[in-house]
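User: Could you take a close look at the ligand site for me, and then walk outwards from there? I'd like one connected account rather than a list.

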Amino acid sequence: MFIGKNTYISPKARIVGFKSDNPNIVIGDNSYIGDDVQIMCDDFVMGDYCKLQHHCNIHGSNIKIGHNAWIGQYSVIDCLGGVSIGNNFAIGPGSFIFSHAKYGDTLEGCRFDYIAKLQIDNDVWLAGGNTTVYPVHIEDRVMTLAGTVITKDLISNHIYAGAPAKDITDKIGSQFVLVTVEEKYAKMSKYLDEFGWHDSLVICRSIGEFKDDGRTYFDVDTRTYTKRNSDIEIAFIRSLLPSKAKFTPFDITSVKETVWTEAKPDGRSHD
Ligand SMILES: CC(C)(COP(=O)(O)OP(=O)(O)OC[C@H]1O[C@@H](n2cnc3c(N)ncnc32)[C@H](O)[C@@H]1OP(=O)(O)O)[C@@H](O)C(=O)NCCC(=O)NCCS
């Protein structure tokens with residue numbers, strides 16, 4: 001088991017394997033696991049600055065959760081079929097994420113008995129609470145409203161609501177609008193001013209400006225930073241969470257060009 005620096009795990013939480021006596025459990029830095037959370041997984045990986053609120057239950061074979069996740073109170077994630085969740089994910093309290101359907105006796109002819117992989121990409125916000133997710137693929141920047149039941153794949157930067165989920169982007173717009181690097185640079189500089197300017201925190205417009213000089217560099221274009229895990233860096237990142245800005249540690253292999261666009265009222269944002 002690997003538990004990162006500054007990660008708090010309630011003494012009332014329970015972390016064990018599902019079938020294995022020797023599960024792979026990796027929890028990143030600066031994360032939080034609340035009272036009565038149960039993790040029963042053979043392979044559980046979760047990144048930095050994640051919050052598993054009290055009474056969450058995560059069980060099954062394998063799950064990978066990226067950085068900056070916020071999982072609401074009393075939520076249940078079944079990862080029997082395998083679950084992959086990207087960075088900056090949030091789901092409201094009392095929600096259910098399923099990667100299997102089995103219970104009725106196959107002996108008696110029950111037709112439903114499967115496990116399936118569930119994939120959630122980056123910046124997905126399943127808002128409100130009481131959301132239900134079937135084993136589908138939810139693309140980057142999707143948002144859903146309270147009580148949504150997600151039974152089909154969801155398209156990048158569209159908003160959905162209802163049971164079953166319907167695309168209401170025409171009515172409500174998309175979760176994100178395009179912001180230029182220059183605008184992001186100005187906003188981040190303001191956030192740093194509000195936090196209290198510090199000479200070891202540097203805002204950049206590209207990763208080309210990163211230096212290995214002991215300071216922490218934040219690139220607003222790729223939303224990555226040169227993680228040092230210093231006290232001042234942690235305090236600044238905490239001041240940005242949950243809704244000003246989310247950054248992930250710089251890793252050259254994980255930086256990819258952003259390909260999403262604003263959702264068009266008449267259909268897919270991209271193919
Ligand atoms: C998300 C939110 C800010 C969007 O605000 P908005 O742009 O003003 O949109 P509205 O709330 O007017 O909703 C737009 C439409 O979707 C419908 N809608 C809203 N929530 C819905 C839901 N959970 N399920 C189904 N339809 C919903 C509204 O009835 C409205 O439809 P209408 O135009 O036919 O009347 C707002 O819906 C909201 O505050 N939701 C509740 C708070 C919440 O979920 N907070 C999350 C905590 S993290």
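Analyst: Let's start with what counts as a neighbour here: a residue is near a molecule or strand if one of its heavy atoms lies within 4 Å of it. By that rule, the ligand is surrounded by W125, G128, M143, L145, A146, A161, G162, I168, K171 and I172. Keep in mind that this is a predicted model, where local features need pLDDT of at least 70, side-chain atom pairs count only at pLDDT 80 or more, and totals for chains, interfaces and linings use all residues. Residues are numbered from 1 along each chain as its sequence is written, and side-chain values use heavy atoms, with hydrogens and water left out.

Two polar approaches to the ligand can be picked out. A nitrogen atom of the ligand sits 2.8 Å from a polar backbone atom of A146. An oxygen atom of the ligand is 3.0 Å from an N or O atom in the side chain of K171.

Now for some loops. Strands here are DSSP runs of E, at least two residues long, and helices are runs of H or I with at least four, both numbered from the N terminus. The loop between strand 21 (149-150) and strand 22 (159-161) holds H158. With a relative accessibility of 2%, H158 counts as buried, since buried means under 20% relative accessible area, exposed over 50%, and partly exposed in between (1.4 Å probe, protein chains only). The side chain of H158 makes a polar contact with the side chain of T169, at 3.3 Å. A polar contact is a pair of N or O atoms within 3.5 Å; within protein, one must be able to donate a hydrogen and the other to accept it, and residues adjacent in sequence count only if both atoms are side-chain atoms. H158 is also 9.0 Å from E139, C-alpha to C-alpha, with their positions 19 residues apart in sequence.

P164 is in the loop between strand 22 and strand 23 (166-167), and the peptide bond leading into it from A163 is cis, with omega near -5°.

Two backbone oddities are worth a glance as well. N130, in the loop between strand 17 (125-126) and strand 18 (132-133), has a phi near 55°, a positive value in a residue other than glycine. R141 shows a positive phi too, near 70°, and is likewise not glycine; its loop runs between strand 19 (137-138) and strand 20 (143-144). Their surroundings contrast: N130 is exposed, with a relative accessible area of 52%, whereas R141 is buried at 10% relative accessibility.

Stepping back, the domain assignment, which is automatic or taken from a database, gives domain 1 (2-172) and domain 2 (181-269). Their centres, taken over C-alpha atoms, are 25 Å apart.

Over at helix 3 (residues 231-240), the buried residues are E233, I234, F236, I237 and L240. Seen down the helix axis, they fall within an arc of 165°, so they line one face of helix 3; the arc is that of the directions from the helix axis to the C-beta atoms. Their cover includes helix 2 (181-195) and strand 24 (201-204). Another cis peptide bond joins L241 and P242, with omega about 0°, and P242 lies in the loop between helix 3 and strand 27 (248-249).

As for confidence, pLDDT is the predictor's confidence in each residue, from 0 to 100. The chain averages 93, and 93% of the residues score at least 70.

Technical notes
Contact = heavy atoms within 4.5 Å.
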